[in-house]
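I opened this model to look up its helices, its sheet, its cores and one of its pockets. My notes are in the order in which I checked things.

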Amino acid sequence: MNITSNIEDYIKAIFHLTFEGSLEKVGTNQLAEYLGLSPASVSVMIKKMKSKHLVDYEKYGKISLTEVGHNLAIKLIRKHRLWETFLHRYMNFSWDEVHEVAHQLEHIQSAKLIRELDNFLGNPKLDPHGDVIPDEEGNFSRTTRKSLSELEKGHRCRLVSVKDSSAVFLKYVTQLGLALSSEIEVLEVREFDHSMMIKYENKVENISKKFAESVYVEVL
């Protein structure tokens with residue numbers, strides 16, 4: 001089956017919005033907004049993907065991945081997260097720099113290369129952002145994560161992953177002096193806007209509700 005990099009981007013987007021976003025199906029407009037494309041161009045591509053048995057879709061209906069599409073999405077995510085790990089560990093890329101380059105590398109089709117990359121890295125379970133890396137058979141645990149915004153005053157937690165992996169957000173996290181495994185104490189949750197005052201590394205910082213919703217934590 002001839003699968004272009006463009007189709008692969010669509011598959012990952014649908015997977016993110018459905019399986020990882022806990023939606024059963026996704027609408028054309030929702031997918032277009034996520035990809036930054038027009039609904040018309042998305043409709044054309046979805047019809048092409050349906051002809052390749054990658055998605056289930058009826059005209060004016062919603063979209064879901066077939067088993068073939070779902071399995072392909074997991075393979076793409078595995079490649080992407082392994083490349084992110086390699087770039088972060090060995091190529092001096094910071095965690096806010098790895099996504100764009102890994103996106104280019106994930107379209108390489110060599111299964112042997114990815115298998116050897118996984119072995120070289122020691123079969124890592126998590127990428128630099130704390131996300132689970134599927135194994136070669138496509139298995140991975142779908143963990144129930146709690147956002148920092150769900151915690152109340154007095155709770156202590158450890159930062160384990162980020163919901164927003166954009167470069168601008170990750171740079172902001174780094175500027176705050178936070179990183180994966182940072183221990184955080186919630187000092188205050190403001191009733192007005194649900195912003196927080198937190199303490200970590202002997203620092204006290206005020207953070208917005210949006211920031212708190214964008215990081216996942218493990219309660220200590």
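The entries below go from the helices to the pocket and then to the sheet.

**Entry 1. Status of the model.** I am working from a predicted model, and I take local features only where pLDDT is at least 70.

**Entry 2. Helix α1.** I started with α1, residues 5–17. I compared its length with the expected rise: at 1.5 Å a residue its 13 residues should span 18 Å, and the end C-alpha atoms are 19 Å apart, which agrees. I then listed the buried residues of α1 and found Ile7, Glu8, Tyr10, Ile11, Lys12, Ala13, Ile14, Phe15 and Leu17. Glu8 and Lys12 are on that list, so I noted them separately as buried, that is, under 20% relative accessible area. As packing partners for the buried residues of α1 I recorded α2, α3, β1, β2 and α4.

**Entry 3. Helix α3.** I repeated the length check on α3, residues 39–51. Its 13 residues should span 18 Å at 1.5 Å a residue, and I read 19 Å between the end C-alpha atoms, in agreement. Val42, Ser43, Met45, Ile46 and Met49 are the buried residues here. Their cover includes α1, α2 (28–35) and β1 (55–56). Just past the end of α3 I noted His53, which has a positive phi of about 60°.

**Entry 4. The largest nonpolar core.** Which residues have the most contacts inside the largest nonpolar core? I found Ile11, Ile14, Leu31, Ile46, Met49 and Ile63, in a core of 25 residues. The elements that give two or more residues to this core are α1, α2, α3 and α4. Of these, α1 gives the most, with seven residues. I followed Ile11 further: beyond its neighbours within four places in sequence, Ile11 touches Met49, Leu54, Leu65, Gly69, Leu72, Ala73 and Leu76. A second core, separate from the largest one, has 21 residues, and I noted Leu159, Val162, Leu178 and Ile198 among them.

**Entry 5. Helix α4 and Arg81.** For α4 (67–90) I did the same sum. Its 24 residues should span 34 Å at 1.5 Å a residue, and the end C-alpha atoms are 35 Å apart, which agrees. Just after α4, Asn92 takes a positive phi of about 65°. I stopped at Arg81, which is in α4. Is Arg81 buried or exposed? Its relative accessibility is 11%, so I count Arg81 as buried, the cut-off being under 20%. Outside its neighbours within four places in sequence, I find Arg81 in contact with Glu20, Asp127, Asp131, Val132 and Ile133.

**Entry 6. The second largest pocket.** I put the space in this pocket at about 530 Å³. It has a lining of 22 residues, and those nearest its centre are Asn71, Leu72, Lys75, Leu76 and Lys79. Two or more lining residues come from each of α4 and α6 (111–120). The biggest share is that of α4, with eight residues. I note that Leu72 and Leu76 also appear among the contacts of Ile11.

**Entry 7. The sheet.** I traced an open sheet of six strands in the order β3-β8-β4-β5-β6-β7, with antiparallel pairing. The edges are β3 and β7 (203–207); each has a single partner strand, so one side of each lacks a neighbour in the sheet. I then went through some of the pairs. Two bridges join β3 (146–147) to β8 (215–219), and Ser147 is matched with Tyr216. Five bridges join β4 (156–162) to β8, and there Val162 has Val215 as its partner. Val162 is also one of the residues of the second core. Four bridges join β5 (183–189) to β6 (196–200).

**Entry 8. Lys199.** Lys199 is in β6, opposite Glu185. Is Lys199 buried, exposed or partly exposed? At 36% relative accessibility I count Lys199 as partly exposed. Apart from neighbours within four places in sequence, its contacts are Glu183, Ile184, Glu185, Leu187 and Val204. Last, I took the separation of the C-alpha atoms of Lys199 and Ser166: 24 Å, for 33 residues along the chain.

Key:
Residues are numbered from 1 along each chain as its sequence is written. This is a predicted model: local features need pLDDT of at least 70, side-chain atom pairs count only at pLDDT 80 or more; totals for chains, interfaces and linings use all residues. Side-chain values use heavy atoms; hydrogens and water are left out. Two strands pair if DSSP finds at least two bridges between them. The expected span of a helix is 1.5 Å times one less than its number of residues. Buried means under 20% relative accessible area, exposed over 50%, partly exposed in between (1.4 Å probe, protein chains only). Contact means heavy atoms within 4.5 Å. A nonpolar core is a set of buried Ala, Val, Leu, Ile, Met, Phe, Trp, Tyr and Cys residues joined through side-chain atoms within 4.5 Å. On a 1 Å grid over the protein atoms alone, a cavity is a set of points where a 1.4 Å probe fits but cannot get out, and a pocket is an open set with protein on both sides within 12 Å along at least five of seven lines; lining residues have an atom within 4 Å of a point. Grid points are joined across faces, edges and corners, and a volume is the space filled by probe spheres set on the points.
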